[in-house]
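Here's a quick briefing to read with the model open beside you. Have a look at the fold, then work through the notes below.

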Amino acid sequence: MTEIRPVVSLRVSILRGVAGRCPRCGAGNLFHGFLRLAPGCTHCGLDFSFADAGDGPAVFVILFAGALVVGLALAVEVLYQPPLWLHALLWAPLIPLATLGPLRLIKGLLVALQYHHDAAEGRPQGRADR
Ligand SMILES: [Zn+2]
């Protein structure tokens with residue numbers, strides 16, 4: 001059975017994903033907990049089993065947070081040469097903020113884009129599928 005999808009603009013899909021809302025209706029919660037996806041939408045009943053962001057959110061966050069924290073640490077070191085304890089005091093709180101905060105947003109975004117573009121893993125088609 002083919003699902004009838006409402007026509008939603010890319011902008012709306014992005015906003016729903018970043019807000020952690022259902023990519024189809026925008027009303028139900030996408031997450032059950034901090035990073036775990038809900039099994040489905042409580043509002044429209046969309047099954048979220050299609051969603052598999054994989055390591056994508058972590059990769060984006062690692063690249064972004066790594067560039068931010070290492071860049072700032074290098075700049076502070078070159079400009080001020082603070083002691084190591086001050087580096088630890090500065091960067092230890094920034095690392096969880098720069099990684100955990102965006103992780104949920106990016107995961108929601110990737111799932112919403114996966115739904116918007118109807119992206120799925122490739123599947124071999126055997127005789128039973130024809
Ligand atoms: Zn929904």
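Which residues in H3 are buried? They are Ile 106, Lys 107, Gly 108, Leu 109, Val 111, Ala 112, Gln 114 and Tyr 115, where buried means that 20 or more other C-beta atoms lie within 10 Å of a residue's own, exposed means 12 or fewer, and partly exposed is in between, with C-beta atoms placed from the backbone. Bear in mind that this is a predicted model: local features need pLDDT of at least 70 and side-chain atom pairs count only at pLDDT 80 or more, while totals for chains, interfaces and linings use all residues. Residues are numbered from 1 along each chain as its sequence is written.

**Helix H3**
- H3 runs over residues 84-116, so named because helices (H or I, at least four residues) and strands (E, at least two) are DSSP runs numbered from the N terminus.
- Its 33 residues reach 47 Å from first C-alpha to last, close to the 48 Å expected at 1.5 Å a residue; the expected span is 1.5 Å times one less than the number of residues.
- H3 has a kink of about 30 degrees centred on Leu 103, with the bend taken as the angle between axes fitted to the seven residues ending there and the seven starting there.
- The cover over the buried residues of H3 includes helix H1 (10-18) and helix H2 (56-80).
- After H3 comes Asp 118, with a positive phi near 55 degrees.

**Helix H2 and its packing on H3**
- H2 has 25 residues and spans 36 Å between its first and last C-alpha, close to the expected 36 Å.
- Pro 57, Val 61 and Ala 65 are the buried residues of H2, and they pack against H3.
- The axes of H2 and H3 come within 8 Å and cross at roughly 155 degrees (axes are lines fitted to C-alpha atoms, for helices over the stretch in contact, and angles run from 0 to 180 degrees between N-to-C directions).
- That angle makes H2 roughly antiparallel to H3; the cut-offs are under 35 degrees for roughly parallel, over 145 for roughly antiparallel, 65 to 115 for roughly perpendicular, and oblique for the rest.
- H2 passes H3 in a right-handed crossing, meaning the near helix is turned clockwise from the far one by less than a right angle (anticlockwise would be left-handed).
- Residues of H2 that meet H3 include Phe 60, Phe 64, Leu 68 and Val 76; on the H3 side, Leu 90, Trp 91, Leu 94 and Ile 95 are among them.
- Just after H2, Gln 81 has a positive phi of about 45 degrees.

**Helix H1 on H3**
- H1 and H3 pack at about 145 degrees with their axes 7 Å apart, and H1 also makes a right-handed crossing.
- Leu 10, Ser 13, Ile 14, Arg 16, Gly 17 and Val 18 in H1 meet H3 residues including Leu 105, Leu 113 and His 116.

**Two residues to click on**
- His 87 sits in H3 and counts as partly exposed because it has 13 C-beta neighbours inside 10 Å.
- Beyond four places in sequence, His 87 touches Ala 73 and Pro 82, a contact being two C-beta atoms, placed from the backbone, within 7 Å.
- The C-alpha atoms of His 87 and Leu 30 are 37 Å apart, with their positions 57 residues apart along the chain.
- Ala 51 lies in the loop between H1 and H2, and its 18 C-beta neighbours inside 10 Å make it partly exposed.
- Leaving out neighbours within four places, Ala 51 is in contact with Leu 37, Val 111 and Gln 114.
- Ala 51 and Ala 119 are 68 residues apart in sequence, yet their C-alpha atoms are 9.2 Å apart.
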